[in-house]
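User: Let's read this model together. I will ask short questions, and please reason each answer out.

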Amino acid sequence: VIATIIDFQMKMLARAAYPTKEAFASFNGMFGMFSNGLALAFALIGTSFLMRRYGLRFCLLLFPVATGVVVGAVYFLPTLLVATTAMVVIKGLSYALNNPSKEMMYIPTSKDVRFKAKGWIDQFGGRSSKGTGAAINNMFSHSMTALLTYGTLISFGLVGIWLAVAAYVGSRFKSLTEKDEVIS
């Protein structure tokens, strides 16, 4: 949801800065290269280090904290550079930190639970969150000020919920793996 909101804010700012199709396409290409570059660099250097050094719970909490920081940065300094940097951070850390952390949480589950949970999360969860973000963007698309204000408030609320869930899930994962239990 948050990535969809910030992505729309970034694209609104980019459309104003790059009015031609070619210039906007070039911007999107550069954005994609930076996002993938950060993801690759972080995957090669940071993901395994953070997992080994600080554990899964820390990694689960790091992504929403970083997301909250960039949401605040976009709110307080709504420029194309800040919005683009925010999206590069969100996309890069999503691929390189959040996705591996999410996959690790399936370890203490049975194959049946893993299959059902992964299917639901990947299909329904991902698509419905993008749809929710798009609905929020649609409600406030008439005004960049409204989108920034209400999109930020909604995003901060989601970050708060996300942090609570991540802390619980990280603690539960640690407990299950220490006891060598499997959720079936």
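User: How far does helix 4 reach from its first C-alpha to its last?

Analyst: Helix 4 runs over residues 80-104 of this predicted model; a helix is a DSSP run of H or I with at least four residues, numbered from the N terminus. The expected span is 1.5 Å times one less than the number of residues. For the 25 residues of helix 4, that gives 36 Å. The reach in the model is close to this, at 35 Å.

User: Where is the kink in helix 4 centred?

Analyst: The bend at a residue is the angle between axes fitted to the seven residues ending there and the seven starting there. In helix 4 the kink is about 45 degrees. Its centre is Ser 94.

User: What is the mean pLDDT of the protein?

Analyst: Residues are numbered from 1 along each chain as its sequence is written, and side-chain values use heavy atoms, with hydrogens and water left out. The model is predicted, so local features need pLDDT of at least 70 and side-chain atom pairs pLDDT 80 or more, while totals for chains, interfaces and linings use all residues. Here 100% of the residues reach 70 or more. On this scale of the predictor's confidence in each residue, from 0 to 100, the protein has a mean of 92.

User: In which helix is confidence lowest?

Analyst: Helix 1 is at the top, with a mean of 95. At the other end the mean is 89, for residues 111-140. That is helix 5.

User: What is the size of the kink in helix 5?

Analyst: Helix 5 has 30 residues and reaches 42 Å, close to the expected 44 Å. It still has a kink, centred on Ile 121. The bend there is about 30 degrees.

User: Which residues of helix 5 are buried?

Analyst: Buried means under 20% relative accessible area, exposed over 50%, and partly exposed in between, using a 1.4 Å probe and protein chains only. Two glycines of helix 5 meet the buried cut-off, Gly 125 and Gly 133. The rest of the list is Ile 136, Asn 137 and Phe 140.

User: How much space lies in the largest pocket?

Analyst: On a 1 Å grid over the protein atoms alone, a pocket is an open set of points with protein on both sides within 12 Å along at least five of seven lines. Its volume is the space filled by probe spheres set on the points, which are joined across faces, edges and corners. For the largest pocket, that comes to about 1800 Å³.

User: Which helix gives the most to the lining of the largest pocket?

Analyst: Lining residues have an atom within 4 Å of a point, and this pocket has 46 of them, with Asn 98, Lys 102, Ile 121, Ser 129 and Trp 162 closest to its centre. Helices 1, 3, 4, 5 and 6 each supply at least two lining residues. The top contributor, with twelve residues, is helix 5.

User: How many nonpolar residues does the lining of the largest pocket have?

Analyst: Ala, Val, Leu, Ile, Met, Phe, Trp, Tyr, Cys and Pro count as nonpolar, Asp, Glu, Lys and Arg as charged, and the others, Gly among them, as polar. The pocket lining has ten polar and ten charged residues. Its nonpolar residues number 26.

User: What is the volume of the largest cavity?

Analyst: A cavity is a set of points where a 1.4 Å probe fits but cannot get out. A search of the whole structure finds one of 30 Å³ or more. Its volume is about 30 Å³.

User: Which elements give two or more residues to the lining of the largest cavity?

Analyst: The lining is Ile 6, Gln 9, Val 71, Val 74, Tyr 75, Gly 151, Thr 152 and Ser 155. By class, four are nonpolar, four are polar and none is charged. The elements are helix 1 (2-17), helix 3 (47-76) and helix 6 (144-178).

User: What separation do the C-alpha atoms of Ala 3 and Ser 155 have?

Analyst: Ala 3 lies in helix 1. It is partly exposed because its relative accessibility is 31%. Ala 3 and Ser 155 are 152 residues apart along the chain, yet their C-alpha atoms are separated by 9.1 Å.

User: Does Phe 173 count as buried or exposed?

Analyst: Phe 173 is found in helix 6. Its C-alpha is 9.2 Å from that of Tyr 106, 67 residues away along the chain. Because its relative accessibility is 12%, Phe 173 counts as buried.

User: What is the phi of Asp 180?

Analyst: Asp 180 is found in the segment after helix 6. It counts as exposed because its relative accessibility is 68%. Most residues other than glycine have a negative phi. Asp 180 has a positive one, near 55 degrees.
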